Amino acid sequence: MAEPFILSLRESRHSSLVGGKAVGLSKLLDAGVAVPDGLCVTTALYHHCLDQARVDAASLWTKLRLLSEEQRAQEQARIQELIAQQPWAPGFQAELEMRLSTLVGDATTLWAVRSSATNEDAAGMSAAGLYCTTLGVPLDAVLRSIRDCWISVWDERVCRYLFRSGADSAYPAMAVVIQPMLHAQVAGVAYSIHPVTGRTSQVSINAVPGLAWSLVSGEVTPDQYVVEVRDEDHRPFRVRRRVLARKEKKLMITSVGMRAESIPDSEQSYSSLSDEQLFELARLSKHIEAAFRYPVDLEWVWDVERLWVVQARPITGVHPSSALTNDECEWTRANFKETLPELSSPLGLSFVERFMDAHIVTPYRRLGCSIPEGLSSVRVLHGRPYLNVTLFYTLVRQLHGNPAFLTEQMGGESVRFTPSVPPLGAFALVRAGIGMMREWRKVTRQGPKNFSAMKSMAERYHYDRIPHLSAQELGMTLDSLGTWLDDHEVTFAIAGGVAQGLQAMGTFLPGWLGSDWRELLNGSLQGQGTVISASHIVRLAELVEVAQREDVVQRWFLAEGWVASGFQDALKGTEFLRRFEQYLTEYGHRAVGESDIMSPRIADQPDAVLAVLQAQVRTGVAVGPQEIFSRQARRREEALTEIARRFGWRRHRWLIFRGWHRRLSRFCALREENRHHLMYYSAAARHLLLRFGERMVERGVFAARDDVFFLTLDERSALADGASRDWKHLVRERREERQRHETIAVPDTIRDWEAVAASGCQSSAQGGEAVLLGIPISTGVAKGPVRLVRSTMDWPRVQAGDILVVTVIDPGMAPLFGVAAGLIAEMGGTLSHGAIIAREYGLPALVNVPYATSLLRENEQVEITSSTGLVSRLVP
């Protein structure tokens, strides 16, 4: 039986007869997708035309491979001329006109005539854009457009595509799809997976006003979108990226054909699609992908009535992947911002990256957690490190934890992209639990010895004790310190203990205590005397008392035009100086931004601390150590009494609470003790590095000793090993880059890394609300004037009763906590070091108050209330 020359699209099942495009449209109709009704002129008519012209296509394709480019052009022109001259098969023209009229019943309808070659829209090759497509064709020109499709098979670009792809399959035959033109309001293409990364949770969409012909032909820049869908059910939940182009014209269909229309200036930057339309397109793309059982590339049209699909083909050259990539993860400066300066040194950044991988991420792997290859825990943008909060979301999920506590514990904004992650099985979870218990035993067993060893390092490698060491000896010593840390680091276990305790409390206390459970818990954790960083504040209060008792010290502090320089000579022989030097021995290795080894320590610049003490002596307003202790004890007992009262007769609740409370208190104290002694370790390394920098200056390798901080860890090791390089030039470039970074503002949260990196990274405060909201990390109510503190240069301005407003609670700010009435921070969480200190000391504090340093003004009166998390601006 002879093959038909014309089929409906629903009948177009076999690619050898109707080509890839028609088969795709038939499958779309089977899947219930809206497709404009149409016909397919089959390859049978194309073969009939070749037979009439006595063209042996198979022999010709073999011959074309062997010809030169000039000879091939002549042969192609000959074949195209033969095709153009052939008459139509008897009866075909009349049947086509009849069937087209039946489709629409309107002789003025314009048509889309599209190629549907047998090698087009195939799984192995798409042949996209190779063959002829004609839009806006009147009925009397449809036959000519069909013949144009046939002629396009023998175009030079088709030959090059086939020969370059090494296709050994049969030569292409041409079918043709004919459909009525749609009056497109907006049109474009959609990929059911990301076209570059293959990420299955991202649908990529391009759109332009009017018809998409100029888009698919590459003549215009479209609006570009990426829609995030959930892996488990393919439901879209957010527009991840929206890059809008300036669109000056749109191609519209009219009664006489296609016409370019100008878009008003005021509308040229409008989004072509609404979020609702983007979500509908994403849902449709994933529906078609499921029906076809492979990722698809769609061409779609939105007219005044509905969404249509006019083509669907397999995506070629991209492998689908459900593995997380860095670019789709969400990143935060929370946590890092608390202990690093605004701009860290290259050496500090490389240490942070290595530390996170070796001592935080690797232990998770040991517990059995799966981490996709190539996924980073840290990325750096314009000199600022960011933490991969999505990665830690997946790790918590795998360990059967509740990721909802991540924001509260780490600070920053909530995670919006929540990838589907299978939790560990029962056996693997038990094994992880046993592994975590080993880590905790390691802390108990090694912690005190480790802390003592790190303090000894600071004494042994004090700057004044190592002037004799050579560059080689300094390098070897630094390497040995790195090896020691790898063998003795316990941060992961301690942080895990604190996180587990807070998550347990956050799970059962809301139901047992009510909505103010957090304030009661914070109160119960005050004043236990075990947090070493909080003791820092008490030591300063003791120094104020001593200063007020000694006349010579008090006169020095109250002198007109007071300056801190020369305090050793001025206070020689006083009890205050002896106590202050002892304070510097115990706390002088701490600093603001202390996690960056380049940051100067308190001992390097004691003037800032003396200025804080001077403010208290001058005003006579100071809280004594005994008052601090009694206030903390009173608040702790009040909180514990209230907790016990609310538990009432439920004795088991009190027992459970006390068990977790003791555990949380112990790990909070350990966390601060670990950081305190890690800073001893850091001080030792800092002194060794400064001496190493001096040796390099002596050799002419560096211009200044602190140039060493502008190398990475690997570069410092290479230099110590004698590597030859223009180190001065490298450092100069890094310093210039740092200056450029100082002029760039970056966001605290990045949800689309590529878009932010390309945007120039300008962030700004928004809104002027009378009430701001944050997370309470310490109990109490405080009212007072705003004091903006951005660096140690602002410390002398802090007065008793001020409300400190900071970007983050840096542990190095502890000297100010004894003066301030309260604390507001833009970022932070209940797990942060600064939060533990503020809570232990009893300073009312709120964190995660967005744009606080921009929205609040110096000296503005505010009130913070920990029970509600509110910052009230006391506007007259």
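At 22% relative accessibility, H382 counts as partly exposed in this predicted model. H382 lies in the loop that runs between β15 (378-381) and β16 (384-388). Its backbone carries a positive phi of about 50°, although H382 is not a glycine. A second non-glycine residue, N335, has a positive phi of about 80°. N335 is likewise a loop residue, placed between β14 (331-332) and α10 (336-339). With a relative accessible area of 24%, N335 is classed as partly exposed, because that class covers values between the limits of 20% for buried and 50% for exposed.

The strands β15, β16 and β14 belong to an open sheet of 4 strands, which is completed by β17. The order across this sheet is β15-β16-β14-β17, and the pairing is antiparallel. β15 and β17 (749-750) form the edges; each has a single partner strand, so one side of each is left without a neighbour in the sheet. The pairing between β14 and β17 is antiparallel and comprises 2 bridges. Within this pairing, T332 is positioned opposite T749 of β17.

Two helices lie across strands of this sheet. Helix α11 (residues 346-366) lies across β15 and β16, and its direction makes an angle of about 160° with β15. Helix α12 (residues 389-398) lies across β14 and β16, with an angle of about 25° to β16.

Another set of paired strands is centred, for the purpose of description, on β12. All 7 of the 7 residues of strand β12 (residues 296-302) are buried, so this strand is largely enclosed by the rest of the structure. V296, L298, W300 and W302 point one way from β12, whereas D297, E299 and V301 point the other way. The residues on both faces are buried, including the acidic D297 and E299.

Strand β6 (residues 186-191) pairs with β12 in the antiparallel sense, over 6 bridges. In this pairing A187 stands opposite V301 in β12. β12 also pairs with strand β13 (residues 307-314), again in the antiparallel sense, and here 7 bridges are found. W302 is located opposite L307 in β13. The connection from β12 to β13 is a hairpin through 4 residues.

S272 occupies the loop between β11 (257-262) and α9 (275-292). The relative accessible area of S272 is 15%, and the residue is therefore buried, since the limit for this class is under 20%. The side chains of S272 and D223 are joined by a polar contact of 2.7 Å. Apart from residues up to four places away in sequence, S272 touches V186, A207, V208, P209, D223, Y225, K247 and Q277. D223 is thus listed among the residues touched by S272 and is also its partner in the polar contact.

Helix α1 (residues 15-30) departs from a straight course. Its 16 residues would span 22 Å in a straight helix at 1.5 Å a residue, but the end C-alpha atoms are only 16 Å apart. A bend of about 75° is located at K21. α1 is mostly covered, with 12 of its 16 residues buried. The buried residues are L17, V18, G19, G20, K21, A22, V23, G24, L25, S26, L28 and L29. K21, the site of the bend, is therefore itself among the buried residues of α1. The helix is followed by G32, which has a positive phi near 80°.

R72 is situated in helix α4 (residues 69-85). This arginine is buried, having a relative accessible area of 9%. When neighbours within four places in sequence are set aside, R72 is in contact with L64, L67, E156, C159 and F163. R465 is 393 residues from R72 along the chain, and the C-alpha atoms of the two arginines are separated by 83 Å.

Key. Residues numbered from 1 in each chain as written. Predicted model: local features only at pLDDT ≥ 70, side-chain atom pairs only at ≥ 80, totals over all residues. Heavy atoms only, no water. Buried < 20%, exposed > 50% of the residue type's maximum accessible area, 1.4 Å probe, protein only. Polar contact = N/O pair within 3.5 Å; in protein donor to acceptor, adjacent residues only side chain to side chain. Contact = heavy atoms within 4.5 Å. Expected span 1.5 Å × (residues − 1). Bend = angle between axes of the 7 residues up to and from the residue. Pairing = 2+ DSSP bridges. Axes fitted to C-alpha atoms, helices over the stretch in contact; angles between N-to-C directions.
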